[in-house]
Amino acid sequence: MTLSSFINKKLYEKIVYKVRRHPITLFPAIISLFILLAIPPAVFLLMMATTPSFLNNSKLVTFLTLLASTYYLSVGLFYYTYFVNYYIDLLVVTNDRLLVIKQQGIFARTISELDLYKIQDITSSIKGFFPTMFNYGNLLVQTAGEIQKFDIKKVPEPERLRQRILELAEEDRKFHQANALHPVA
Amino acid sequence: MITFPSYFFLLPYALVLAVILFFYLVNIGHLFQTGLTTFASFLLTAFFLTYSVIVVNITWNAISSTDWQEPATIQFSGINQESI
């Protein structure tokens with residue numbers, strides 16, 4: 001399956017943008033990964049310092065080895081899931097629609113979709129030291145559809161994206177108005 | 001006091017391995033389902049799978065010299081009758 005078939009791309013539709021959260025937002029997760037990986041060696045050193053005789057108990061050492069292995073495998077799986085969720089969380093902008101794909105955990109995904117011509121207003125905001133330094137922020141899209149507000153967080157270059165989406169929305173509105181005046185048989 | 005053969009430790013570990021493999025496959029399935037099988041997602045998957053294989057390999061080498069038939073004992077400290 002391709003992304004085009006996943007979003008049921010129409011024949012006249014072109015994917016203009018595929019936007020993910022700014023990669024700098026992964027930085028805290030990477031730091032926490034290294035901290036978590038350092039915990040078992042730290043515990044081992046602590047045990048060596050306090051009760052070095054535990055090494056004489058081979059069964060205990062085996063049990064602790066399996067426990068540490070389980071811990072490392074669980075940490076690996078947790079962060080793999082985190083990075084897959086980051087990768088799947090996607091804002092897809094076509095010349096017809098705006099789609100927000102959000103993977104929420106392993107067994108939950110939401111896909112929100114709106115037609116570009118229904119967009120009434122977009123607000124971009126960049127708040128904070130790191131967002132300002134790395135130029136990422138939030139987009140709030142107001143629509144005339146069922147879902148009235150789309151909140152898209154931590155996207156790179158939100159101001160340029162806002163401008164571009166508004167241009168695409170205007171083009172789509174003209175297309176729909178032209179079709180309304182001269183409907184295709 | 002409970003005594004059991006040491007290979008009993010391997011049973012929950014095998015279960016953990018099976019569960020972790022299952023969730024890895026679910027995540028890979030998500031990437032295929034959403035059509036996001038790109039070079040970046042391939043690198044990410046390869047990195048974490050390699051990491052997991054290395055962890056299992058190190059564990060296997062660490063416990064390979066264990067005599068699994070040897071019994072393991074868990075002792076519980078009982079209630080001191082004189083303290084009641």
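Visitor: How much area do chain B and chain A bury between them?
Guide: About 3,000 Å², with 75% of it on carbon and sulfur atoms. Keep in mind that this is a predicted model.

Visitor: Which three residues of chain B supply the most of its buried area there?
Guide: B:Asn27, B:Thr34 and B:Leu36. Together they give 18% of what chain B buries against chain A, more than any other three residues.

Visitor: And how many residues does each chain bring to the contact?
Guide: Chain B brings 39 residues and chain A brings 30 residues.

Visitor: How many salt bridges across that interface?
Guide: Zero by the rule used. Polar contacts do turn up: 10 residue pairs, both partners at pLDDT 80 or more.

Visitor: Which elements of chain B supply at least two residues to that side?
Guide: Helix 1 (10-33), helix 2 (39-63) and strand 2 (71-74) of chain B. Helix 1 of chain B has the largest share, 15 residues.

Visitor: What's the split into nonpolar, polar and charged?
Guide: On the side of chain B that touches chain A, 25 are nonpolar, 12 polar and two charged.

Visitor: Switching to chain A. What's the strand order in the open sheet of three strands?
Guide: The order is 5-6-7, and the pairing is antiparallel. The twist averages 20° from one strand to the next.

Visitor: Which strands are at the edges?
Guide: Strand 5 (119-125) and strand 7 (149-156) of chain A, each pairing on one side only.

Visitor: How many bridges join strand 5 to strand 6 in chain A?
Guide: Six, with strand 6 covering residues 136-143.

Visitor: What stands opposite A:Ser125?
Guide: A:Asn138, in strand 6 of chain A.

Notes. Residues numbered from 1 in each chain as written. Chains lettered and ligands numbered in written order. Predicted model: local features only at pLDDT ≥ 70, side-chain atom pairs only at ≥ 80, totals over all residues. Heavy atoms only, no water. Pairing = 2+ DSSP bridges. Helix = DSSP H or I, 4+ residues; strand = E, 2+ residues; numbered from the N terminus. Axes fitted to C-alpha atoms, helices over the stretch in contact; angles between N-to-C directions. Contact = heavy atoms within 4.5 Å. Buried area = accessible area lost by both parts, 1.4 Å probe. Salt bridge = Lys/Arg side-chain N within 4 Å of Asp/Glu carboxyl O. Polar contact = N/O pair within 3.5 Å; in protein donor to acceptor, adjacent residues only side chain to side chain. Nonpolar A, V, L, I, M, F, W, Y, C, P; charged D, E, K, R; others polar.
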